[in-house]
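Please open the structure in your viewer and keep the selection tool at hand. The stops below are meant to be taken in order.

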Amino acid sequence: MEKLQEFSRIKFRINDVVYEGIVMPRTLYEDEDHFTIKLNNGYNIGVEKGKIEILEVEPPKVSSEQPYEKSFESTGPKILILGTGGTISSKVDYRTGAVKPAFTASQIVDMVPELKNLASISVKTIMNELSENMQPLNWTLMAREVYNAFKEGYEGIVIAHGTDTMHYSASALSFAIENPAGPVVFVGSQRSSDRPSSDAATNLLGAVIFAAKSNSPGVYVAMHASINDDLIAIHKGVKVRKNHTSRRDAFKSINAKPFAYVDVKKLEIKFSEKKTEAKGPMNLYEKFSERAALLKFYPGISDKLLSSFFNKEFFDAVIVEGTGLGHVSRKAFPYIKDYIEKGGFVGMTSQCIWGSVRLTVYETGRDLLSMGVVSLEDMLSEVALVKSMWAIGNGLDLKAIMPKNLRGEINERREVL
Amino acid sequence: MKVGFEIHIQINSKRKLFCNCNPKSDESSQIEFRRRLRVSTSELGEIDPAAAFEIKKGLDIIYVSGDKTSCLVEADEEPPHEPDPYSVEVAIKISNMLNSFIVDEIHFMRKIVVDGSNTSGFQRTAIIGLNGSYTFRGKNVRIQTICLEEDAARLLEKGEGYVKYELKRLGIPLLEITTEPLEISPEEAKAFAESLGRTLKLTGLFARGLGTIRQDINVSVEGGCVVEVKGVQKLEQIQKVIEFEEKRQKMLLEIAAKLKERGISEENFVSIEPVEVSDVFKNHLNIPSVKKFFKDYAFALKAPGLKGLFSYETVPDSRLGLDLADICRLFGFKGIIHSDEISKYDFGQDILKELEDKLGISKNDGFVIVFGDKEKAVLCLQMVKERLKMALKGPVAETRYATEKGTTRYLRPRPGASRMYPETDIPTIKITQEMKDKYRIEIKSWEKAVEEFSSRHSINKEMAEQILDSEFVDFFENVVENYKNVPTTLLASLIVQILIPYQNSGKVIEYDEFLNLLAEFSKGNISKEAVMDVARYMLEKGVNLESALKEMNIKKLSVEELRKIIKEKIDEALQENVEPSKLYGTVMGRVMSLVRGKIEGKIVNEEVKKALENLNKA
């Protein structure tokens, strides 16, 4: 069967009826034996190649891609939106039905008209990665862009990011940029922006309002506070986690209240914590090392796994997600002991997610302490991992820096919430 | 005249199309949540300006979600599950039955819908069959498409700045069957819909009950364009709606001709814009009607050449003025005032004169006024202007809805090519040749089905047909199966004589109450005669079975009690020296007047005879 160029307009016959349509691209998971044809009524159908008789073919018109714009003329605080990929920065082409990255200032303002009078917005796409593909190198790139943007005079930065690993990236930038000159707000969407019900617009609105008006330097994540489209929660970048696979309120502050809420109807910020202020000059520590690992302990964990994790050849730090208050089976003791003796760092967090590690309550905990395992208090395991990658990358002393509260990653007290 | 049908019919699946909820489950709790839908300007395209306006302004959409009847999928908080295999099977069966070309792969699409009736902002829909046919009165009617799609949420209320929907119905699998435009009379159209509807119902693959089958009808007269009428739920409406539309569209052609006669063309509209006329009314607040209508702003629009045409009416409720008022209602206005009706409002000659001066009205011109919010008034009058421009050509391609009495009212402009794009959350589904061969059903003849039903249940054909056409088929079968001693003739009479007419008057029948009524009969607690009386009483007074039985003082008499009454009445008659030949009649009459409905007449007869025989022996 002949191969038709994608997006060709064709006239074809099925039985005795003549139809018109456009030949659509097939995905990787679809076979080569069928055509996907978009009929004139907008519907796509899949038909075996042999079943249709093609009467006329009109090759596709070359579409004129519009160049990305740099900025949108408006008054207000200078805000930079960085596009990194993910559902929030893609758009559907209604003619073809394909999802394309689309991230221009005018498109954003078109999607969120409320932004027009809020801030002077510039947009820059710095990468196009789904968040599961983000690597420490991407964090470095993001951190550098943010640092430079503040140096250039931007007052707030919004980073549009895929949601899966957004809390890792937020954590990474929290450590990489000491005393950021203004708010750095990560924002994503759980429902793709090509649907009218997308949370992308309201999340973005909340993020920009916070970046422009909060006067609270720091790294944050802005996402829906509930399943209603009214409040956007602003979480601290080192205290947040994705806790649901699909709900728009998947991100929750752990062991803390959200730092603030943005009411996207009234365009107002409500702080639940004291505003932050810059405590010194802005510094960039942009390196991350992959010589750190995260180990989730479970009953039946194999010796093979333990021996490959607690191996100084591979890793300088192992963050353990222990059970309960921070425990692992005594089976793991020899590996841990040996690893620490060889100079490895073992930091303890809890797989309970909520609450703090406390190694002094049970014997197991005390044994671990005596081996040199460091309690990381209520630091989230993902944050601890990123922090250790950052500490190694920048040649910092893990034993000294890991238990020290640098960016608000450890709460000394946990409120009754 | 051409008439096309889009028939929507709910598949009787146990689950929804894209999740595992059963809409018939009992809810134990409900929650509400609030959403907004957004569409970027470029995507709004041909969505009507009122909806676009509401969306831009931030219309709050409130959803009511029942814990067992909807889940995270309907709340648009979880990706769709794999499509219901049963519904796919039904779609293939019907496509086969209607001789369609069945696609080899199902590609679900998202069709943009921004009125809030879909939490996602789109409806999921896919073509299963193309180019089918259905034989009606010996002619082949082409079925253009058969689509499998999800039903929308049910509108509960519309208020200032919000709309409220219930999620129970959202996601129920529907088949949409679209015919080609047919050259048929209104009577034939009704017969066609009835015939296809019956054929579909007889497959047993679809839900029964009010609202489970809905038809949209496209009507176009020669020289006009396609008008889509939504929400026709009853067959009786079809004929009326088409007759009404034919007359209404012809009337619009007449109006167009009159405008042409008056020399009006698009050019006359070029410089026309909404004009603020607040001052005109502000200066006359002493006039009671002005005080009543005028709040903050008044805006008016000159309508060139339209004098006398707003109220021009060839069939009741078909005035152009009514359409304009409906357009304004979309923007939240109570209505409009147009020049043909302004005298009704007693604003006085001064106001009229000032308005005419301000708008530059000459001989044949009319005008339209709205009172209220400035921004809305301007947008609304701009839409009125567009509508009036279209009146130059005649009927307008628009979406209307059918009223109970069979007229149609303006709903929104007819969307152009639907905004559709692929539902990327659902992988393509293959329809194999094996599936196409396996999922086959044949058309059942209605006449045969009626005959079969009639002989199986020993009821006459008229009754059988009425029951098969109604929603009471399941009720009927249920009773027959569970209460074997209920005579089918009694059951059929109850349905045909009482329940169907009552339901046709638009009232809701509580099936369980009538099931209980028949259960009481089955247990011997009430007599056959009483069943019909109690049913009538329940419906007329709007009471449940328990209250009806209490209030009607119906309790079955025991034979012991009956004998006591018979003895009393015989003694009474003897004392009155009633002639022996008339004794039976007298006693029987008097006893029956006391016990009617409480015990079967047959038993009374036997007992009276027995008692009189004993008397003779004595």
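What follows is a short tour of a predicted model, with a selection to make at each stop.

Begin in chain B by selecting residues 213–220, which form strand β12; six of the eight residues in this strand are buried, so that label rests on 20 or more other C-beta atoms lying within 10 Å of each. Add residues 2–10, strand β1 of chain B, and you will find an antiparallel arrangement in which eight bridges join β1 to β12(B). To place one of these contacts by eye, pick B:His8, whose bridge partner in β12(B) is B:Arg214.

Now extend the selection to residues 227–232 of chain B, strand β13, which runs antiparallel to β12(B) and is joined to it by four bridges. Here B:Val219 has B:Val227 as its bridge partner in β13(B). Between the two strands of this hairpin there are six residues, and B:Gly223 takes a positive phi near 85°.

Next, select residues 374–390 of chain B, helix α10, where 17 residues at 1.5 Å a residue should span 24 Å, in agreement with the 25 Å between the end C-alpha atoms. Colour B:Ala377, B:Cys380, B:Leu381, B:Met383, B:Val384 and B:Leu388, the buried residues of α10(B). Looking down the axis of α10(B), you will see these buried residues within an arc of 160°, so they line one face of the helix.

Finally, move to chain A and select A:Ile157, which lies in strand β10, residues 156–160. A:Ile157 counts as buried because it has 27 C-beta neighbours inside 10 Å. Leaving aside residues up to four places away in sequence, A:Ile157 touches A:Leu80, A:Leu82, A:Val146, A:Ala149, A:Val184 and A:Ala211.

Conventions:
Residues are numbered from 1 along each chain as its sequence is written. Chains are lettered from A and ligands numbered from 1 in the order in which they are written. This is a predicted model: local features need pLDDT of at least 70, side-chain atom pairs count only at pLDDT 80 or more; totals for chains, interfaces and linings use all residues. A residue is buried if 20 or more other C-beta atoms lie within 10 Å of its own, exposed if 12 or fewer, and partly exposed in between; C-beta atoms are placed from the backbone. Two strands pair if DSSP finds at least two bridges between them. The expected span of a helix is 1.5 Å times one less than its number of residues. The arc is that of the directions from the helix axis to the C-beta atoms. Two residues are in contact if their C-beta atoms, placed from the backbone, lie within 7 Å.
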